[in-house]
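Take a look at the chain below. This report walks through some parts of it, one at a time.

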Amino acid sequence: MPPPFLPRLVFPTLDSLPRSYYLGHHAAGLAKMRTMLSQIDLVIECRDYRIPLTSRNPMFEESLAGRERVVVYTKMDLGTASGGQAQESNEDKRAYSHVSNQRHHLLTTHHAPTPLLFAAHKSPRTTRLLLAHLRTAAAHLNNLTGSHLMIVGMPNVGKSSLLNALRHEGVGKGKVAQTGAQPGVTRKIGTGVKIIDVVAEDAAAEKKRAEGGGGAGNTAGGSGLGGSVYLLDTPGVFIPYVPSPTAMLKLALCGSVKDTIIPPFTLADYLLYHLNLVSPALYSAYHEPTNDVMRLLEAIARKTGRLQKGGEPELEATAMWMVQRWRQGHLGRFCLDEVSEEALEVYGRGEEGAGSVNQARRAGKEALRVRAKARRAAAGGVG
């Protein structure tokens with residue numbers, strides 16, 4: 001009888017991994033956001049629900065201070081536990097629900113008094129909850145010229161997708177912001193996009209009152225707003241300095257850096273490490289429980305037909321396919337960050353994943369200086 005499978009409890013530290021992905025348009029975008037802050041009433045900071053601690057960029061809090069802020073954890077549907085078995089028992093479902101509720105409570109308490117909301121772009125309910133919060137905030141401002149909001153976050157955290165969802169639910173119009181699987185689709189700050197139309201809402205409320213549907217007592221019309229609400233899309237801004245190799249792996253696995261930055265086999269191995277901690281059943285269609293990523297990739301390649309000439313498995317392409325399947329929610333839905341009272345306490349002290357703003361700024365300047373020097377050297381070599 002074979003011994004029971006034991007997953008790895010620790011992933012090896014890879015000190016050779018790059019620790020920066022701070023590009024020129026990241027710095028330029030953040031500088032532009034600062035200059036526009038006087039025109040902004042509220043900042044929506046997006047973070048990835050799967051890495052709620054690691055996807056925080058301390059530069060936003062320092063650079064965009066002085067404005068009301070709401071934190072939105074996006075992609076909640078991709079980080080909400082689903083055990084992996086085709087048929088989950090009611091007991092399993094209750095356990096997953098308890099874990100999610102506990103996580104939400106801890107994060108809400110951690111962020112207080114800053115408002116915290118959770119969003120899944122394909123869930124109209126969560127989008128409407130966010131719209132209701134933004135409508136209330138705008139009503140308190142009561143600007144006759146309308147309220148102007150700015151959405152910020154790390155690359156590929158889901159800002160543009162959230163903007164499109166808010167526009168669709170708020171004014172019934174289609175996609176306006178480009179989205180993509182790789183970071184860097186949005187490179188410049190766009191123009192304000194209307195997500196709440198005060199004229200349309202007041203007209204609808206007036207019609208309802210005329211038909212005897214109530215609505216009396218709202219002194220500023222049906223919406224209670226002084227003007228419409230506009231949302232400004234911005235480019236994702238990466239952390240100038242990633243505090244640990246583990247944090248870089250989490251960001252790369254969630255797609256915050258281009259897939260060429262971290263080797264595909266490394267990403268696939270790190271994903272396998274987490275899959276085994278959650279449930280090896282998540283990949284049972286391809287292989288029995290294993291800690292050997294190459295054996296798993298070979299099995300997946302043969303099962304899915306990813307073969308080279310001669311029938312040899314195309315392992316690198318299979319590694320990226322495996323990573324993409326997880327990103328899309330087809331290979332388990334779970335968080336990579338631990339969210340517990342102990343983890344939040346460590347994170348708050350800056351011991352794991354929460355580098356200081358000054359450290360981030362210094363590292364960012366150094367990264368840009370090294371990159372500029374490399375470009376000058378390459379240009380000199382061409383001549």
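## A surface patch

L277 is partly exposed, because its relative accessibility is 41%, and partly exposed residues fall between 20% and 50%. The model here is a predicted one. L277 belongs to helix 9, which covers residues 264–278.

L277 does not stand alone. Together with L9 and V10, L277 makes up a nonpolar patch on the surface. The accessible area of the three adds up to about 330 Å².

## The whole chain

Now step back. The chain has 383 residues, and 48% of them count as buried. Its secondary structure consists of 13 helices and 6 strands.

About 18700 Å² of the chain is exposed. Carbon and sulfur atoms supply 53% of that area. Contacts often span long stretches of sequence: take those between residues at least 6 apart, and 76% of them join residues at least 24 apart.

## Helix 12 and its two sides

Helix 12 runs over residues 341–348. Which of its residues are buried? They are A343, L344 and Y347. Viewed down the axis of helix 12, the buried residues sit within an arc of 95°, so they line one face. The spacing has a simple basis: an α-helix has 3.6 residues a turn, so residues three or four places apart point the same way.

Turn to the face away from the buried side. There helix 12 carries the exposed residues E341, E342 and G348.

## E45, a buried charge

E45 is part of strand 1, residues 42–48. Is E45 buried or exposed? E45 counts as buried, because its relative accessibility is 1% and the cut-off for buried is under 20%.

What does E45 touch beyond its neighbours within four places in sequence? The contacts are N57, F60, E61, R69, V70, V71, V72 and V152. With R69 there is also a polar contact, side chain to side chain, at 2.6 Å.

## Salt bridges

Side chains of opposite charge can pair when their charged atoms come close. The structure holds 11 salt bridges. One of them joins R47 to E45, with 2.9 Å between the closest N and O atoms. R47 has a relative accessible area of 4%, so R47 is buried. This pair belongs to a network of salt bridges that links E45, R47, R56, E61 and R69.

R50 and D48 form another salt bridge, with their closest N and O atoms 2.8 Å apart. Both R50 and D48 are buried. A further salt bridge connects D197 and K194, and here the closest N and O atoms are 3.9 Å apart. K194 is partly exposed, because its relative accessibility is 28%.

## T234, a buried loop residue

T234 sits in a loop. The loop lies between strand 6 (229–232) and helix 8 (245–253). T234 has a relative accessible area of 0%, so T234 is buried.

Which backbone oxygen lies 2.6 Å from a polar atom of the T234 side chain? The backbone oxygen of I151 does. H26 is 208 residues away from T234 along the chain. In space, the C-alpha atoms of T234 and H26 are separated by 10.0 Å.

Note on methods:
Residues numbered from 1 in each chain as written. Predicted model: local features only at pLDDT ≥ 70, side-chain atom pairs only at ≥ 80, totals over all residues. Heavy atoms only, no water. Helix = DSSP H or I, 4+ residues; strand = E, 2+ residues; numbered from the N terminus. Buried < 20%, exposed > 50% of the residue type's maximum accessible area, 1.4 Å probe, protein only. Polar contact = N/O pair within 3.5 Å; in protein donor to acceptor, adjacent residues only side chain to side chain. Contact = heavy atoms within 4.5 Å. Patch = residues over 30% accessible without salt bridge, like charges linked within 9 Å, V, L, I, M, F, W, Y side chains within 5 Å. Areas by Shrake-Rupley, 256 points an atom, 1.4 Å probe, with all protein chains shown as cover. Salt bridge = Lys/Arg side-chain N within 4 Å of Asp/Glu carboxyl O. Arc of directions from axis to C-beta.
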